Amino acid sequence: MIDPITLAVVKSALDSIVDEMAYTVIRTARSEIIKDVMDYSAALCDGRGRMIAQAKTIAQHLGAIPDAMASVLADFAGDLEPGDVVAMNDPYQGGMHIPDVFLFMPIFWEGKVEAFAVVIGHQTDMGGRVPGSNASDSTEIYQEGLRLPPIKLYERGVMSRSVRRIIEKNVRVPDRVLGDLGAQYAACKVGERELGRLYARYGRDEARRYTAELLDYAERLTRAEISRWPRGTYTFTDHLDSDGFSDEPVPLRVAITVHADGHLTCDWTGSAAQVRAALNSTLSFTKSCTYLSVRSVLRQDVPNNAGVFRCIDVVAPEGSILNPHLPGACAARALTGYRMLDVMLGALAQVLPDRVPAAGEGGNTVLSIGGQTADRRPFVIVDMITGAWGGRPDKDGMEAVTNPSQNMSNTPVEVLEAQHPIRIDEYGFVPDSCGPGRFRGGLGLRRRYTLLNDEATLQLRSDRMRFLPYGLEGGGPARGTRNVLNPDTDARVMPAKFAVVLRRGDVVLHEQPGGGGFGDPFTRDPERVAADARNEKITLEYARREHGVVLEPGTFKVDAEATRALREGRA
Amino acid sequence: MSARVGVDIGGTFTDIVLRLADGTLRVSKVSSTPEDPALAVVRGLEALLRAAAVSPAAVVEVVHGTTVASNTILQKKGARVGLLTTRGFRDVLEIGRVRTPDLFDLSWEKPEPLVPRRRRLEVDERIAADGAVVRPLDEAGLLAAAERLVADGADVIAVSFLNSYVDATHERRAERLLVARFPALDVTASYRVLPEIKEYERTSTTVVNAYLLPVMRRYLANLAAGLRAIGVEAPLLVVASNGGVVGAAGAAERPVFAVGSGPAAGVAGAARLGAVAETSNLIAFDMGGTTAKASLVEQGRVSLTTEYEFREGISTSSRFIKAGGYMLKVPAIDIAEVGAGAGSIAWIDAGGLLRVGPESAGAHPGPACYGQGGGRPTVTDANVALGFLNPAFLAGGELRIDAQRAREAIHAHVAAPLGLSVEEAAHGIRDVANANMARAIRSVTIERGRDPRDFTLVAFGGSGPVHAGDVAGALDIRRVLVPVSPGVFTAVGMLASDVEHHFVRAAGGALDGPALDRANARIDEMTREALATLAQEGYPRDQVRLDGLADLRYVGQASELVIPIPEGRLTPDRLPALRAAFAREYAATYGYASDEPLELVNVRVVATGLRPSRLDFRAIRVAGGIPPVAGARLVSFDRRAPAVNTPVLAREAVPAAGAAGPLVVESYDSTVVVPPGASIRRDALDNLVITLGATS
């Protein structure tokens, strides 16, 4: 019999263990991408590899763990010793892209593997053609850096000298990478220590029984909720602007079928074929993004574990962008993941119109700048810019907030400037970039960089220049991305994805899209429009054009009569 | 006979403690007056002085902990702040760190910035990361922007320029120009509040300071005037978030340091108590009406954190998540808080799981058993149903209890839906609440590599001693110490605080040669400043203790460990000891350490004004109190076993030699539960000490 009290205690114990692991990573990591941006995840799996808890870290990592775990078990089941750690990053064996290195530490109890501590970290660089190993214009995975199948990084608590040397020779900033792997290891150790305490308290049988029940509990909650949704099949299509090699739009299409027994089929048939650029999402990542999208519209108290996944079937045709063949490149697959969220939410909005927001900014922008300083010290900056949410059924979208697929932070300007030859001259909102609506989208962000080194390579990955973040229920789309080189001198407008060599003093300006609007913009409360204008988040022209609200210059008072005339005149 | 006063102003009650020179302690709990918190203090103190027949003129000091700063933020009642930033960075405050406190929550709302965009203006100026001037300060532009802010109603101006932690020349100049132009306005610059790297954290802290300035100054002036009006002329002191006390003038100038004022005092008091009770390693465990708090005291030192977020609701024990509130990067006692208090409501979620809190029945309607209209079961109702709390009255008879209502509420909302008996459900409520509280304790011990079994649990707050035995048992903690007057211990603790001032300077550099000289020069600067500040507050050099601290990390990391500097100076011959101390601390926290190079991020000086008369917990005698109780009642300690007839004693009746559990000890302000298998005794300081048996 399952005792509800013990179940509650075990659940909070597991939540607290994964959070402790996550906290350990940021406290011990070396690179901005992990310690400031927080692009990493921590989780626990049971002995069969089923995820039983995930820390409040990157959502996109959530569902990739099962497939990666399966690869590790396939290669190493029965061949693991206490103190071993298996590392892998191969997207074709359950990984996501080369920079995301997974560490799995088996946790032993009475001589048997009972669980795994899992920590995924986005490494600053894993070698390959470009600094940051994150180019969107690679055409084969072989260009993207050091690909690791499941291998033992630690054996009986000691890091393998051979693996260490291979990493040292293949990555641009080995001190950072090895330091961050050390941080992942430290977090695994914390997971091992703490899960051991849980086992000591409850004994093997009880601990197993209750972790298994937690999975069932999550499944029950998920099914109970989905079974209340209106049955049917709901489709939605959105696009990536292009893969960067041609101007061809890249469609992503989903058909979500709600079944009576509370499970969903999410079928991606109809999405683009595999692309030449590094935007391919291997199946594990496709599943992950599908799961997280559904999870986002479930109620808050569903535990984040594999029980949720049992209610969601994912179909993606082989050879498509969402289930590519080798050697399809996938470094920039996160972008495809963001669009999957947009597509999924577009379909789910038809199921749950009072819960789903309009499209957000469409994913973070990744900017990598790498080179060598005058004293031949290599540097790699990986900066991520995010984000804005779309308008919601009952409130505005937020500005300056992580994409819900992630839970990322930003790198402080002062930290970047103290560590690297770069100056940031602007970090702020882009006025008027929001999609108009009864509830408007959030504003996009802009960031402006000046290179203080003689030379460096810049890679910039963005999207949403052509296919703008959509509005819902009559809300308008947001303004798109804008990239400009040297905006104050020769002002070269750049595409969404590009690579260039920068010289000292060159300036890069990136503007993110805002979020789409929700509901008819002409029904927005004029006082809210006035408040936005007073805060210089929108201009008087925008207020008039998009919301039909006339404001008095200087005082921002609503001209009620002119507003009524304008709003009525539209119909 | 001289007297000292400690005051803890909480949301529901204001606790006042009067300590006479002969060691007698008089305590009083009065209802708080949130609209003017000073009122409850002044009235309550006047009554207490009268009852004790002490002349107001005999009061030599009033120390108080206040929630005025935190409530001002919660209720958004602070100043209209105008913020001046470097050109290009007016949105730093609103952008923040862009994370969300939870995953998968599309309905989350970011906290409103304390300064709206319209009152954040940019100024032409720029200093580079190496201190070079990229662009000089545009003085005319600065004043023009300030004029606009003032015209828009700003009554405080905050200044936060990029890289001012490296070189504050522009901020200093801006400050001077603004003060000269607007003599009636408050001006607060980031280099004074927090001269540290990371523009958002520094700006946010500066803005919170600005936001609180006028409110806090008014409140302190008001309180001082009220006290004078009843004849109390003694200096007024405020407990800071780090547990030290500062003069009212200092608190009025830098209120951001007093946001965590109240809870900090309890922990500092526990540390002080530990020092005299020969318990230098302890966990302060404070359970009140809506939350429970835990904090670690090691080797007699409280655990300090250098940043935390102030947020509405309850902070979870998940310290790595930051996003939900207003960032304050100030030294504060590291306190984990969970929504499990006496008034926390038990409920069943959609998956059929029993939950407790964070919603609380508060003082109104209160637990169902108070009979004031509360119908939902709380932790207190569970305690009444199981016999832990007196089923007829609490607070020495001042509060009637209706045990039947407690049982009915538990039956309707927990027992029936789960198919359990009322006793089983009540045990469930207690167990879930205990597990939540254990989580708070875990986050300050296990999460940092400390084994809770090496610590004594010091339990206080009205309900701390009711749960301490079980919470300790869940973590295999063997020893629980319940101080005298646990229900007003926070106020008592204030009388035991020292005056403390914390200073910090960035010292960014490797741990060698020139960097050491720079760091030592900054230590000297801070030492001079510290001595001057304390001298003003009446502490001559021989009553000041100075401690130097270094924030160290491996090169490239983002988080530092704070390590004491041997003899307060960074000289080459002391470095090995410093490195070794870092390695020890690092290994204890993270499970590994390496021989990689270290970097020195900040140096700190903590200056303590030693109060010759501070309370040391020896010879406390509580005057007044309640009629002694005695008897027995049925208490259900174990849901798999029948309730046992359990003796009930008055605190005074606990034998010094000890008594075996099960036992319940009742006093005016708290109930102490001693589970079966445990024992209790009274120590030489009159504390109750519970010893738990070995567990499996």
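**Strands and shape of chain A**

Reader: Which residue in S4(A) stands opposite A:Ala87?
Author: S3(A) pairs antiparallel with strand S4 (residues 100-109) over three bridges. Strands are DSSP runs of E with at least two residues, helices runs of H or I with at least four, numbered from the N terminus, and strands pair if DSSP finds at least two bridges. Opposite A:Ala87 in S4(A) stands A:Leu103.

Reader: From which number are residues counted along each chain?
Author: This is a predicted model, where local features need pLDDT of at least 70, side-chain atom pairs count only at pLDDT 80 or more, and totals for chains, interfaces and linings use all residues; side-chain values use heavy atoms, without hydrogens and water. Chains are lettered from A and ligands numbered from 1, in the order written, while residues along each chain, as its sequence is written, are numbered from 1.

Reader: Which residue in S6(A) is the bridge partner of A:Val86?
Author: S3(A) also runs antiparallel to strand S6 (residues 151-155), joined by three bridges. A:Val86 and A:Met88 point one way from S3(A), A:Val85 and A:Ala87 the other, and all are buried (under 20% relative accessible area with a 1.4 Å probe, protein chains only). In S6(A), A:Val86 has as its partner A:Lys152.

Reader: What is the radius of gyration of chain A?
Author: Chain A has 12 helices and 20 strands. The globule rule (2.2 Å times the number of residues to the power 0.38) gives 25 Å for 571 residues. Chain A is as compact as a globular protein of that length, because its radius of gyration, taken over C-alpha atoms, is close to that, at 24 Å.

Key: Buried < 20%, exposed > 50% of the residue type's maximum accessible area, 1.4 Å probe, protein only.
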